[in-house]
Each structure stands twice: as structure tokens, then as C-alpha cells.
Amino acid sequence: MVRIRRRFIGLVVFFLLVNLVTGAVLPPPEARAASHVLISTATDPYPWERVELWGDSSSQMINGQEKIVKFSLPRNDKVRSWFPADIYVHDGYSSTYNDYDFGSYGHLKSNRYFLLGYGPNWQNATKPYPVLLVHGARDDMNRAWAHPWDYQTPGSITNPGLMQYLANRGYAVFAISFPHTHGNNLIQAELIADAIEIIKQKTGASKVDVVAHSKGNLPAIAYMSSLNNEWTDTSWMTDYRGDVRKYIAVAAPFKGLDTMFRYYTANTNVIQNNLNSPVAFWEAYIYYVYRYYKRWDMTDTYNGNYFQGQTQLLHNWVDDPEHPIPFNSESWTSADGNETMYDLYYGGQSAYITSEGINQAIANSNGSNGTSNFIAKLNNKGLDPGINLYVLYGYNQVWDYTWWGYPIGEKADDSDGLLFVASATYTSGVTRRGAPLKAKVGMNYNHLDIVRETPALQWIEQKLAE
């Protein structure tokens, strides 16, 4: 089927505006306020004490309809049931030669929806600051924080997560859950702004602490830096309101990823197994025939972008001026003298693929809602200087052993099996405006274990308590 020597399977302020007019100092304009409305409350919120469905009230969010593939809805059945039954609008099915085995594709009924989970005993918390947990890509608030070893919610949780760990120690714990598991990070930032405002109203606290994992760090940073003002079509979104005390970034892709452009076989693995991930080409020779994969591709050039949040994650690591990470043997496409490897990364057409390349995908000239040059703009902007930053990252490259006992994971450079350590530790951008970096610690865990193993949970709680 796919002719290649090696297979790699696997594989995630305020601007203080001071104007002097006739000798008078004008105050800065007030930050735009997020608006929200409670839609419903779950009748069976387990494993949370309470789960609410909220909707953003801004017209742009109500009328926004982000494109989504059906399998990018929450995988957890219970979390999915808490969203409106009609939140997914079906537009069509893939055909044999277009997005082969892609399944149903469509759009969100509205960009406004999010879930807010309340941890046990949140009303009787002894700690002064509530905590908001933000999950990553292909994830949800149940799997990420309540039962991190199980994708579906078990009847009895024997291996609880960070939510229970913090709640048992006196914290008022909350978690947000997004309907699009690869969703646009600026849209999700607006929902985080809503969630923080709700938490402040419920608890009476003036500030919250934020703990984010993996891709969830990007919308969190987007809010905490007013990154929405870097694009004209997102400037209507909520500016940061000075309401975050501490930010704990766990396995944060501060400088992005290049996984799908780096590894040809990572793309074929996604297609062969119909995985909830994008690919880096829009045409490929697979199953002995050329087929289009335009809805799986990470650009807006053809059929729109169904993975905007992943496009925003991209960074060219091969040509990074500070820490270049060259191709390794798992990137090689020996059958054609590595032509496919280079065309996949830089754009072009080989015997096997046609790709626009990572640089064009990053620039994404046809994109909207902040899908162009996201990582560069994030690092040029920086967090609000009033936020205390804590960084926790993993450096165990082994993601799994499912391929005949072969250790699967990112090995081109130091990594947690998915994310380069160079990305997870790149803090010069987010601290650009003076946000103090209080701690940066690595542990011998992979990308998932770094937020579910007990020593990691202990470290997070200790930093919150400082």
C-alpha cells in the first residue's frame, strides 16, 4: 500500500494606554467584557458536583459556525450528552476519492457553547482562590481531570485525577469543556473569559488560578495576553481583565509543533485508522490510487479548515533559528530518495503526496479568526505582566509500546513523546512583557502522564498553595 522503508506510528494588558491631552492623563479604556447565559444544568453531573451548559451572548459567537468533522466532537459519551443534541450540523459524507473514510463532516450550530464543571464541595473550599482547569486537544473535562486513565466515564472511579486531588485539599475546582476538540484557540479563549467571569461571580473571588494542559494552554494564553487584538477579525473578543493570579502551564506547546509535516507515515496512520487528527497534504497516493484529503488538510485553501486549532499550533522546527531540529530517520521516505519528506514539509508534489508545506500553512493567507501566524504572534505579545507563570513539562519520549513492543514517540529531539522539550520550555515569548516565571520543572513522564501521575499532581498543588 504505502511504499516506505520505515513506519512511524504515533503521535500534542492590558496595554496601558496613556494619552496626554492638554496636560491631562486619560484613563485606559475598559476591557471588553465577556457575556454569557446559563442554558441548562445536567441532571446527572457525575463525576462533578454540578455541570452547567453555558452560551456566550455576543452576536459573533452566536452566529459563528466553526467547521468540524463529526469525530472531533467530544469522545466521552457523557460529556457529549451534556451539550445540545443538535450542536453538530451535518453537511455531508466523504466519498471514495474525496476524504476517503472521513465520515460525516459539518459545522457547529453555534460557537457559543461550553460546559462548566464544579468540583466536589466547591462551595466550602478553604483555599482563597478558585482553580480553572483547561483540557487539551482530542480531550474533555472528564477524561482530562476526573478519570485520566479512562476515556469513558466509569461507574466508579478508582484512579481519580487532578480535579479530585485539588478538591480533597480544599480548592474550589472548576473545569471548562469545549465542543470542538480541535477548535480555534481564539474562540476557545472567549469561552475561557466567560468561564472565569462565572467562577468569580459564583465564588466572590477577584482572581482565579488557571491550570492548562497541552493545546489548552493556547486559548488560555490567548485570553491572558489579549491576543485577540492581533487580528482585525477577532478584535471584538474579550480583552484580558486582570483576573488571573497564577497560571500553571503543563506540557504547553509555547513554540508549537510540526508533527504532521515532519512524518509522512503519521499522516497515513491517521487515514488508515480514521483518527481524530488532521493531515499535512491535500492529495495522496494511498490504497493504489490518488485521492483528495482536502477536508483533512490544515489550511483554508480548498474546503475550509476543519482543524483551525491545529493550524494555529504549527511552527517550523527544522529551520528554527534558535533550536533547529532536523529530520531524523523516522521522517525519511527512502522509496523516493526523501522527495516526499521534503515536499511534505516545504510544499510540492511527489509521487505520493501534494502538500502546500508548513510555511504556507502557518501563514494561512486564506484563514480567518486568528489562524495565521498564531505561534509567532503569541510569542511576540506575551502574557500580562501581572500573572505568575509556572511551567511543568515531561521528557519521557515513550508514548506507547503498541507496535510490536517498539517504543512509539517523538525522537527527533528531546520530547515527552509528542511535544518537543524545546517547545514546552520556550518561555522567553510568554514572559516578554514581564510576567514573572516562578518555576520551570521537568519530570520523567510522557505527554499524558505529566498531568496524571501523583508527583505531578503534588507539584501543581504545591505551586497553587505558595
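This is a short talk about helix α6, the helices it packs against, and the nonpolar cores of the model.

Okay, so before anything else, keep in mind that this is a predicted model.

Let me start with α6, which runs over residues 217–224. One of its partners is α12, residues 374–381. The two axes come within 11 Å and cross at roughly 45°, so the pair counts as oblique. If you care about handedness, α6 passes α12 in a left-handed crossing. And who actually touches whom? From α6 you get L218, I221 and A222, and from α12 they meet F374, I375 and L378. By class, that contact has six nonpolar residues, with no polar and no charged ones.

Now turn to α5, residues 185–203. Here the axes of α5 and α6 are 8 Å apart, and the angle is about 70°. An angle from 65 to 115 degrees counts as roughly perpendicular, so that's what we call α5 and α6. This time the crossing is right-handed. On the α5 side you have N185, L186, Q188, A189, I192, A193 and I196, meeting L218, P219, A220, A222 and Y223 of α6. The class count there is ten nonpolar, two polar and no charged residues. Notice L218 and A222: they turn up in the contact with α12 and again in the one with α5.

Okay, zooming out to the cores. In soluble globular proteins, nonpolar side chains tend to be buried together. In our model the largest nonpolar core has 100 residues, and L132, W145 and Y247 are the ones with the most contacts inside it. Which helix gives the most to this core? That's α5, with ten residues.

Y247 deserves a click on the screen. Leaving out neighbours within four places in sequence, Y247 is in contact with N217, I221 and M224, among others. The list also includes V210, A212 and F254, and then a run further along with L383, I387, N388, L389 and Y390. There's another core too, lying apart from the largest one, with 37 residues, including Y105, V270, A284 and I362.

Last stop, just past α6: S226, in the loop between α6 and β12, which is 244–250. Buried or exposed? Relative accessibility is 6%, and under 20% is our cut-off, so S226 counts as buried. Setting aside residues up to four places away in sequence, S226 touches D239, Y240 and K381. And K381 takes us back to α12, where residue 381 ends the helix.

That's my tour, thanks.

Methods: Residues are numbered from 1 along each chain as its sequence is written. This is a predicted model: local features need pLDDT of at least 70, side-chain atom pairs count only at pLDDT 80 or more; totals for chains, interfaces and linings use all residues. Side-chain values use heavy atoms; hydrogens and water are left out. Axes are lines fitted to C-alpha atoms, for helices over the stretch in contact, and angles run from 0 to 180 degrees between N-to-C directions. Helices (H or I, at least four residues) and strands (E, at least two) are DSSP runs, numbered from the N terminus. Angles under 35 degrees count as roughly parallel, over 145 as roughly antiparallel, 65 to 115 as roughly perpendicular and the rest as oblique. A crossing is left-handed if the near helix is turned anticlockwise from the far one by less than a right angle, and right-handed if clockwise. Contact means heavy atoms within 4.5 Å. Ala, Val, Leu, Ile, Met, Phe, Trp, Tyr, Cys and Pro count as nonpolar, Asp, Glu, Lys and Arg as charged, and the others, Gly among them, as polar. Buried means under 20% relative accessible area, exposed over 50%, partly exposed in between (1.4 Å probe, protein chains only). A nonpolar core is a set of buried Ala, Val, Leu, Ile, Met, Phe, Trp, Tyr and Cys residues joined through side-chain atoms within 4.5 Å.
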